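User: Please take a close look at one part of this protein, the nonpolar core, and describe how the elements around it are arranged.

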Amino acid sequence: MSEAGLPEEGSGTMPGGENADGGSAYPAEAFSFVREGLDHTVHAIHGPHVEFDEQQSRHVDGRQLSLGLRDHAIRRFGLLARTVLSNWNITRSDDFGRIVYAMIEQGTMSKTDRDRLEDFFGVYEFDIAFSNQAIREALLQIREDERVRG
């Protein structure tokens, strides 16, 4: 997946996994988080100096993006990561995929012919990936990585 452009601000909820009343199952904040998480993931995988117009070199697959979004959530929200995501109706890596594919339909992200929604399914168990122990370990690793980088 890669970013194709930015949606209009202030648009409220966005499409993707519609709920019973026809609205989105995910709030606008979830879409913003995924867009930010894409940038985080691309920089983590391809380096911080990737040009945004080099779509192919910026590409990440569904598994990579799901893992990057987990890391981004932990960095941004710490021990509250699972709670914040849950408040946005994100309880499985599948939900990240549904948001991404809604953004692809909107034209704010793009995909290759090899990308599939199913690439996001079952990447990790939220209960394990966002357990207090897993988050503490991830935060310790992040601090150590930052210390090493200087």
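Analyst: In this predicted model, the secondary structure comes to seven helices and two strands, and from the N terminus on the elements follow the order β-α-α-α-α-α-β-α-α. Of the 150 residues in the protein, 45% are buried, while the accessible surface comes to about 8,400 Å², with 48% of that area belonging to carbon and sulfur atoms. Among the contacts with a separation of 6 or more, 69% join residues that lie 24 or more positions apart.

The largest nonpolar core has 36 residues, and those with the most contacts inside it are Phe-33, Val-34, Leu-85, Ile-90, Phe-96 and Phe-130. At least two residues of this core are supplied by each of H1 (28–46), H3 (62–77), H4 (81–87), H5 (93–106), H6 (126–129) and H7 (132–149); the largest share, seven residues, comes from H5. Leu-85 offers a view of the core from a single position: leaving aside neighbours within four places in sequence, Leu-85 is in contact with Phe-33, Ala-73, Ile-90, Phe-96, Phe-126 and Phe-130.

Two helix pairs deserve a closer description, and H3 takes part in both. In the pair with H1, the axes lie 8 Å apart and the helices pack at an angle of about 105 degrees; because angles of 65 to 115 degrees count as roughly perpendicular, H1 and H3 are assigned to that class. On the H1 side the contact is made by Phe-33, Val-34, Glu-36, Gly-37, Leu-38, His-40, Thr-41 and Ile-45, and on the H3 side by residues including Leu-65, Gly-68, Leu-69, His-72, Ala-73, Arg-76 and Phe-77. By class, the residues of this contact between H1 and H3 divide into eight nonpolar, six polar and four charged. Phe-33 and Val-34, which belong to this contact, are also listed with the most contacts inside the core, and Ala-73 of H3 is in contact with Leu-85 as well.

In the pair with H7, the axes of H3 and H7 come within 10 Å and cross at roughly 85 degrees, which makes H3 roughly perpendicular to H7 too. Here Arg-70, Asp-71, Ile-74 and Arg-75 of H3 meet Ala-134, Ile-135, Ala-138, Leu-139, Ile-142 and Glu-146 of H7. This contact of H3 with H7 has six nonpolar and four charged residues but no polar ones, whereas six polar residues take part in the contact of H1 with H3. Asp-71 and Arg-75 of H3 appear in the contact with H1 and again in the contact with H7.

How values were computed
Residues are numbered from 1 along each chain as its sequence is written. This is a predicted model: local features need pLDDT of at least 70, side-chain atom pairs count only at pLDDT 80 or more; totals for chains, interfaces and linings use all residues. Side-chain values use heavy atoms; hydrogens and water are left out. A nonpolar core is a set of buried Ala, Val, Leu, Ile, Met, Phe, Trp, Tyr and Cys residues joined through side-chain atoms within 4.5 Å. Buried means under 20% relative accessible area, exposed over 50%, partly exposed in between (1.4 Å probe, protein chains only). Helices (H or I, at least four residues) and strands (E, at least two) are DSSP runs, numbered from the N terminus. Contact means heavy atoms within 4.5 Å. Accessible areas come from the Shrake-Rupley method with a 1.4 Å probe; for residues, only the protein chains shown count as cover. Axes are lines fitted to C-alpha atoms, for helices over the stretch in contact, and angles run from 0 to 180 degrees between N-to-C directions. Angles under 35 degrees count as roughly parallel, over 145 as roughly antiparallel, 65 to 115 as roughly perpendicular and the rest as oblique. Ala, Val, Leu, Ile, Met, Phe, Trp, Tyr, Cys and Pro count as nonpolar, Asp, Glu, Lys and Arg as charged, and the others, Gly among them, as polar.
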